[in-house]
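I set out to record what can be read from the strand pairing and from one residue of interest. The entries below follow the order in which I looked things up.

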Amino acid sequence: MTTAEPNISTALTHAGIGAGMLALAVVVLALGGSEEETALRSLPVVDARGLATQRVGAEVLLEGRIGDHPVLESGLVALQRQQAVGVTRPGSNDIRLAWAPGPVTLPAPLVVVTPGGPVMFRNTDFAWRDPPRTAGQPSLVTAGSVRLVGFAAGDAATVRATVIDAERAEVRAVEVAGGTRDAYVRSAGIADGVTYVIGGFFGLLGAGLLTAGGLGLRRARPRATAAGAAGAAARVAPGDR
């Protein structure tokens with residue numbers, strides 16, 4: 001094996017990894033929810049009376065406040081238990097702690113009071129985003145630590161939902177977020193920004209490796225050609241010259 005062969009092999013490896021990173025960047029950017037903010041802005045914002053103008057199955061946004069339900073625990077009327085777990089940072093072996101969602105406790109039914117009246121949820125399996133209150137979180141968080149997040153009566157909430165019964169103001173909640181509609185839409189935009197950062201990181205890394213691989217191949221080929229010519233000359237018998 002000539003010294004040029006390992007150089008070519010390394011260059012091909014870099015190029016292959018770089019191409020893979022670029023493909024991954026394309027997938028992340030394509031599937032990373034880049035249209036979520038636009039989709040949320042396009043949804044009609046309605047209250048209990050406005051539901052009557054929507055067809056069954058239509059997706060809407062509701063802006064209001066959590067109803068006056070009995071307290072379940074720690075001042076919360078709707079709560080989710082979360083547990084701290086270790087997760088690996090993308091592109092590294094570093095482990096950090098993140099809060100994993102756990103069991104949910106809700107009144108039956110959960111009600112959001114809008115300017116046009118109360119709206120009732122027909123389900124409990126909705127997603128949570130930025131609940132405004134936290135309770136029971138230890139001062140030193142370790143893997144396995146538990147806390148509560150959720151809503152107190154009167155907390156502002158925005159609900160992404162589909163219409164179940166417009167006349168009775170009943171919906172199926174898709175996601176419940178703490179705060180106003182504007183804050184909810186902005187949080188979706190921030191999530192999109194994180195997606196772009198991750199996709200851009202993989203894209204830059206892939207482009208760098210692909211470029212390094214290409215340069216390595218260009219440098220290795222003349223060496224390989226020269227080494228081959230030298231070997232051929234060395235194999236020529238003295239009588240044949």
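Entry 1, a hairpin. I looked up β5 and β6 and found that they form a hairpin with two residues between them. Four bridges join β5 to β6 (residues 117-121), and the two run antiparallel. Within this pairing, Thr 114 has Gly 117 in β6 as its bridge partner. I took strands, and likewise helices, as DSSP runs numbered from the N terminus (E, at least two residues, for strands; H or I, at least four, for helices). Strands count as paired if DSSP finds at least two bridges between them.

Entry 2, basis of the values. The model is predicted, and I note that local features need pLDDT of at least 70, side-chain atom pairs count only at pLDDT 80 or more, and totals for chains, interfaces and linings use all residues. Residues are numbered from 1 along each chain as its sequence is written, and side-chain values use heavy atoms, with hydrogens and water left out.

Entry 3, the other partner of β5. I traced two bridges from β5 (residues 111-114) to β2 (residues 59-66), again an antiparallel pair. Here Arg 65 stands opposite Val 113 of β5.

Entry 4, an open sheet. I followed four strands in the order β4-β3-β9-β8, with antiparallel pairing. β4 (95-105) and β8 (133-135) stand at the edges with a single partner strand each, so one side of each has no neighbour in the sheet. Neighbouring strands are turned by 35 degrees against each other on average, direction ignored; the axes are lines fitted to C-alpha atoms, and angles run from 0 to 180 degrees between N-to-C directions. I then found nine bridges between β3 (residues 78-88) and β4. Gln 82 stands opposite Pro 101 in β4.

Entry 5, Glu 170. Is this residue buried or exposed? I placed Glu 170 in β11 (residues 170-178). Its relative accessibility is 5%, so Glu 170 counts as buried (buried is under 20% relative accessible area, exposed over 50%, partly exposed in between, with a 1.4 Å probe and protein chains only). The side chains of Glu 170 and Arg 122 are joined by a polar contact of 2.6 Å (a pair of N or O atoms within 3.5 Å; within protein, one must be able to donate a hydrogen and the other to accept it, and residues adjacent in sequence count only if both atoms are side-chain atoms).

Entry 6, the whole protein. I counted three helices and eleven strands. Buried residues make up 34% of the 241 residues.
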